[in-house]
There are 2 protein chains.
Amino acid sequence: MSIKLILFDDSKHIRESLSLLFSTYANFDLAGSYETTDRAEELIAIAKPDVVLMDIDMPGRNGIDAVADIHAKFPELPIIMLTVFDDADRVFNSLRNGALGYLLKSSSPTKLLDALLEISEGGAPMSPSIAKKVMLHLQEESPSKAGNYQLTVREKEVLSSLVDGLSYKMIADKLDIGFETVRSHIKKIYEKLHVQTMTEAVSKTLRERLL
Amino acid sequence: MSIKLILFDDSKHIRESLSLLFSTYANFDLAGSYETTDRAEELIAIAKPDVVLMDIDMPGRNGIDAVADIHAKFPELPIIMLTVFDDADRVFNSLRNGALGYLLKSSSPTKLLDALLEISEGGAPMSPSIAKKVMLHLQEESPSKAGNYQLTVREKEVLSSLVDGLSYKMIADKLDIGFETVRSHIKKIYEKLHVQTMTEAVSKTLRERLL
DNA sequence: GAATCAACCCCCCGAAATGGGGATGGATAA
DNA sequence: TTATCCATCCCCATTTCGGGGGGTTGATTC
């Protein structure tokens, strides 16, 4: 059971070296290598590869954009970016667009094949510098440092219902309390969050990941 | 210029082996090793380490919770989790809570020291299986696969204003159009998004990252 | 030239939300 | 015991939304 690959890279040299490399290992099967991303989706649909190798720098539609399109069409297909430098920003954008990992063209053949095996086993290869960028992004989204507005349990329940799009009346029914009580809670919530309207409250809640 | 470390691990064996390991390298300086996380923040404030090593499994306040607290107090301080198994879920939660990376206790001393050097150089060590989890999380947040509701440019402007908490009247002023025009746009938006109220529209917009 | 669509505007009317007040009982802390 | 806080409920008045209709203009497409 070999791993079927498809390669997009504008450098003839790279295409030939990788082709040679894979041909010497029975468990890798390079189904095709192409100079541009122009017909990538079509070629992928035909070849049905297990992994896509995509140069990040490509003429025409560049690798980063191609990743977005390919990932939209084949969400389960692992896409690995190829780069010359450890270019954190562009790699990060590729990852955001759906790439699963990336490899340096300069890595040794052994490392490269190892990484591909890791992918086929469900992992994702990533260098420490990229990992750092990804981590910082991940942590920004955690609610830890978000302002604490000291909402009570009840107020959080009400706020959560607001975010779900419920009206005062529906909230009253859901929480089995009176309409006026809901209003009281909401008044308090608005005070604590420093907002005046439902939309502001919902917006603040979702943006700052309260609740 | 050596790297100053502080270690939290309930296993005496680990504390002693790591202590021995670091003592044999001049560029590592273990400032202290502790059995519990109880006074972690205090100890860190005193020792001012460059890196925190934290066992993920700890009696009392466990490593994952401790990370959240420590990271809140010392946001710039790199925290590295120590685990016995490559436990993707708990490691992932630690990372969300502010840990920068993690190491397997079973890795070779060389690998361990390498990883610590990488951290001090601004990177973050991460195994392929964790990287995969992190990647999938990252991609979920990209707007790529979000439903396309075919909003016009104007409608997007109006929706964006709604999300900012503006009232119909304020939107009319801001976009320099009539109040009734704003209403017309909003009616159309509700139709396209399949919602009935402002809060639903705002909620859907933020959750699905439209705009 | 007819059809379509985006952007703009108008009216009616009922429902929903908001801002201002005040009140009660219960639990908890000082 | 008094003071505070929370959750519950009430009234009045005003503003804002939302669903239903209607329309004109200009650009583009067929």
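Here is a short chat about a predicted model, its DNA strand D and its two chains.

Visitor: Why is B:Asp114 called partly exposed?

Guide: Count its neighbours: B:Asp114 has 14 other C-beta atoms within 10 Å. Buried takes 20 or more and exposed takes 12 or fewer, so B:Asp114 falls in between and gets the middle label.

Visitor: Where in chain B does B:Asp114 lie?

Guide: In helix H5, residues 109-120. B:Asn93 is 21 residues away from B:Asp114 in sequence, and their C-alpha atoms are 24 Å apart in space.

Visitor: What makes a residue count as near DNA strand D?

Guide: Its C-beta atom, placed from the backbone, has to lie within 6 Å of the strand. There are 19 residues around DNA strand D, and A:Thr152, A:Arg154, A:Ile177, A:Gly178 and B:Ser167 come nearest.

Visitor: Which helices supply at least two residues of that surface?

Guide: H7 (153-163) and H9 (179-193) from chain A, plus H8 (168-175) and H9 (179-193) from chain B. The largest share, four residues, is down to H9(A). By class, that surface has nine polar, six nonpolar and four charged residues.

Visitor: How do you know that chains A and B are in contact?

Guide: Contact here takes C-beta atoms within 7 Å, and 38 residues of chain B are in contact with 40 residues of chain A. On the chain B side, H6(B) gives the most, with nine residues. That side has 17 nonpolar, 15 polar and six charged residues.

Technical notes. Residues are numbered from 1 along each chain as its sequence is written. Chains are lettered from A and ligands numbered from 1 in the order in which they are written. This is a predicted model: local features need pLDDT of at least 70, side-chain atom pairs count only at pLDDT 80 or more; totals for chains, interfaces and linings use all residues. Ala, Val, Leu, Ile, Met, Phe, Trp, Tyr, Cys and Pro count as nonpolar, Asp, Glu, Lys and Arg as charged, and the others, Gly among them, as polar. Two residues are in contact if their C-beta atoms, placed from the backbone, lie within 7 Å.
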